[in-house]
Every structure is written in structure tokens, then in C-alpha cells.
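The exercises below are to be worked with the sequence and the structure side by side. Try each task before reading its solution.

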Amino acid sequence: MITLSEKVKTLLNGLDAAVYYFYPQSWTNLPVIAWRESENREIAQADGQEYLAELTYAVDIWAESAAENQALAGLIDQRMASARFRRDYMADLFDAKTGFHHRSLRYRAVADSAGNIYQ
């Protein structure tokens, strides 16, 4: 099965936020980033083996302000775009109960088994 999860993890690490797989494990220090592979669909075979897959990655940011979310999302978007991922979705959300600002991003790529990305 083709996946680019390690590449996405590497792209998200090193930002000024804790990075978690799937869902934040701690809410004490914001901002936090959570990511996951939300879709993995085979789209082509060669010689009976998977050759191309369409992959979708969800990246979510929680912060104390909308401005902090926007700045962090801009850095994430630059990194993902430089690796040839295409942003398919972005939404700003707000949790009135916690006061956290939440930005939800979705990125898409078509990749082969060698990790080459095609759009």
C-alpha cells in the first residue's frame, strides 16, 4: 500500500507547535497540530501491483487566537505545497466552550510506490 505518512510527519515537525498523530494528547500548551491519513485509494495498477494511489491528509491546528492559527497554517501550507501536496480544503472553527480556535486543513496527492507525487 502506498503512503506518504512519514513525509507528512517530517513536513509538520519542527514548527513552533507540538505535533500529534490523529488527535492532540495534551491541551496545556497551545498551539498544537494533529494530522492523519484520512483517505488512501488505489487508482492504478501495473503488473498486478498498486502503482498509483490518491492520498488525503487531514491537518488540524488548535491555538488561542485566530491570528496564531493563520500564521501556523501559512507555514504548513508552504511546506506541504513545496512537497507538491495540493490543499483541497480549509475551514476556521471556534470552540466556544474552550475558547480554542481551530483551523482544519486537507491536502491531497497522487503518488506512486517510489513516493513521487503527481497532480
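**Exercise 1.** Which side chain meets that of Arg36 in a salt bridge, and what is the N to O distance?

*Solution.* The model is a predicted one. Starting from Arg36, the side chain that meets it in a salt bridge is that of Asp60, with 3.8 Å from N to O. Next, place both residues in the chain: Arg36 belongs to strand 2 and Asp60 to strand 3 (residues 49–63), so that the pair, 24 residues apart, links distant parts of the chain. Then turn to accessibility, where Arg36 has a relative accessible area of 22% and is partly exposed, whereas Asp60, at 7%, is buried. Finally, look at the ring beside the arginine: the charged end of Arg36 sits over the ring of Phe22, 5.3 Å from its centre.

**Exercise 2.** Classify the aromatic pair formed by Tyr21 and Trp35, and state where its two members lie.

*Solution.* Aromatic pairs in this model come to a count of seven. For Tyr21 and Trp35 the centres are 5.1 Å apart and the planes stand at 75°; because an angle over 60 degrees counts as edge-to-face, the pair is edge-to-face. Tyr21 lies in strand 1 (residues 18–21) and Trp35 in strand 2 (residues 32–46), 14 residues apart. Tyr21 is exposed, with a relative accessibility of 53%, while Trp35 is buried at 6%.

**Exercise 3.** Repeat the classification for the rings of Trp27 and Phe100, and name the cluster to which they belong.

*Solution.* The ring centres of Trp27 and Phe100 are 5.7 Å apart with the planes at 15°, so this pair is stacked. Trp27 is in the loop between strand 1 and strand 2, and Phe100 is in strand 5 (residues 100–112), 73 residues apart. Trp27 is partly exposed at 30%, whereas Phe100 is buried at 19%. Ring pairs join these two with Tyr23 and Trp62 into a cluster.

**Exercise 4.** Describe the salt bridge between Arg103 and Asp92, and identify the network formed by salt bridges that share partners.

*Solution.* The whole structure holds seven salt bridges. In one of them, the side chains of Arg103 and Asp92 meet at 2.6 Å, N to O. Arg103 is in strand 5 and Asp92 in strand 4 (residues 86–95), 11 residues apart. Here Arg103 is buried at 10%, and Asp92 is partly exposed at 48%. As for the network, shared partners join Glu39, Arg41, Glu54 and Arg108, and the side chains of Arg41 and Glu39 meet at 3.9 Å, N to O.

Conventions
Residues are numbered from 1 along each chain as its sequence is written. This is a predicted model: local features need pLDDT of at least 70, side-chain atom pairs count only at pLDDT 80 or more; totals for chains, interfaces and linings use all residues. Side-chain values use heavy atoms; hydrogens and water are left out. Rings of Phe, Tyr and Trp (its six-membered ring) pair if their centres lie within 6.5 Å; planes under 30 degrees apart count as stacked, over 60 as edge-to-face and the rest as tilted. Helices (H or I, at least four residues) and strands (E, at least two) are DSSP runs, numbered from the N terminus. Buried means under 20% relative accessible area, exposed over 50%, partly exposed in between (1.4 Å probe, protein chains only). A charge sits over a ring if NZ of Lys or CZ of Arg is within 6 Å of the ring centre and within 35 degrees of the ring normal. A salt bridge is a side-chain nitrogen of Lys or Arg within 4 Å of a carboxyl oxygen of Asp or Glu.
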